[in-house]
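Q: Please take a close look at one buried threonine and its surroundings in this model, and then set it beside the other local features that can be described.

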Amino acid sequence: MTTVTESVDPAQERLRRWRLVLGGDAADGTGCALSGQDAAMDGALTALYGRGDGIKGRGGRERSAGLGASAPSVARWLGDIRTYFPSSVVQVMQRDAIDRLGLSALLLEPEMLEAVEADVHLVGTLLSLNKAMPETTKETARAVVRKVVEDLEKRLATRTRATLSGALDRSARIGRPRHHDIDWNRTIAANLKHYLPEYGTIVPERLIGYGRASQSVKKEVVLCIDQSGSMAASVVYASVFGAVLASMRSIDTRLVVFDTAVVDLTDQLDDPVDVLFGTQLGGGTDINRALAYCQSQITRPAETVVVLISDLYEGGIRDEMLKRVAAMKASGVQFVTLLALSDEGAPAYDREHAAALAALGAPAFACTPDLFPDIMAAAIEKRPLPIPDTE
């Protein structure tokens, strides 16, 4: 949108904005004509959000959806929207174009990939097209995915490591700490009854401390990720977090993805891009089989956190799945169920299965990437999870 200056008539400016919103049909009631950049912006919006099936020129009155069937016309449109709209709006328009106009196939062309604004949702679309992607496109696709992954790591890694390092320290509290290992806040709270008012001090009878996380493994984390098509953004974020956790020597991290089959991608955790291209979005779901594999890999139940990321639409044996979760919890495993790990909130999910897991003490909820480190810290310390309020 152009900037409103003092010389612009406010009433005319309102008409101009309504004209861009309403699309210029005869019944829009504005009577406002567009020219120059406004006409170009309107053309870009018309191509995506118009009504009908045909395409009109930029000066056409009918607002009709369509970008044409060729990559050049789409590439031009992508260039236009990047010129006229901010990056956050561009990402939304790209997502809508892929969903509304069926442009997924055009993303298999290198020229198209070079023109798009990369984000988590685009990565999910590319991963779903991975098996159909021609060799000429794969390197460009990997470069697009790597850019998004590196941006996410920069955003999430530092806070995740700091939050979990603190949780590991606190989970290793000891009863006879050395001076540098004393947890003063807890020590003072535990000894308030020994306060001596005449001296204005506390004489602690019991010191509370925590051992600093050493280079040895303190906790084991298993990320079990549903790779059905609806979980695309969650797969991207989980892979990035898996790489961050794997970089911490005090945490032994395992990453497992599943549909009706189970694939262990732990040996690829040093590069989340390899992890992502090792997934296959789409297909069925067998949560029970995936949890059976995860359960078989647990060697220290009391020091293990299992994170199931799934919409819970189980295609396997429901009762066996629930028995498996109950068995893991009974053995001391901290079990976390996330309906999604994304910014969008909870997707459609199986409410009956979610209620059954909650009854076992494993409430299912959606989690944003920013909240995930706090969720993991609570699980590591074996304290109640900070479940977000969804009301």
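A: In this predicted model, Thr 140 is found in helix H7, which spans residues 135–171. Thr 140 has a relative accessibility of 17% and therefore counts as buried, the cut-off being under 20%. Leaving aside residues up to four places away in sequence, Thr 140 touches Pro 110, Leu 113 and Glu 114. For Glu 114, the separation from Thr 140 is 26 residues in sequence, while the C-alpha to C-alpha distance is 7.4 Å.

A second threonine can be described in the same terms. Thr 125 lies in helix H6, residues 120–128. Its relative accessible area is 15%, so Thr 125 is buried. With residues up to four places away in sequence again not counted, the contacts of Thr 125 are Ile 98, Ser 104 and Leu 107.

The remaining feature concerns aromatic rings. A search of the whole structure finds one aromatic pair. This pair is formed by Phe 241 and Phe 372, with 4.5 Å from centre to centre and 40° between the planes, and it is tilted. The pair links distant parts of the chain: Phe 241 belongs to helix H9 (residues 232–246) and Phe 372 to helix H14 (residues 372–381), with the two positions 131 residues apart in sequence numbering. Both Phe 241 and Phe 372 are buried.

Methods:
Residues are numbered from 1 along each chain as its sequence is written. This is a predicted model: local features need pLDDT of at least 70, side-chain atom pairs count only at pLDDT 80 or more; totals for chains, interfaces and linings use all residues. Side-chain values use heavy atoms; hydrogens and water are left out. Rings of Phe, Tyr and Trp (its six-membered ring) pair if their centres lie within 6.5 Å; planes under 30 degrees apart count as stacked, over 60 as edge-to-face and the rest as tilted. Helices (H or I, at least four residues) and strands (E, at least two) are DSSP runs, numbered from the N terminus. Buried means under 20% relative accessible area, exposed over 50%, partly exposed in between (1.4 Å probe, protein chains only). Contact means heavy atoms within 4.5 Å.
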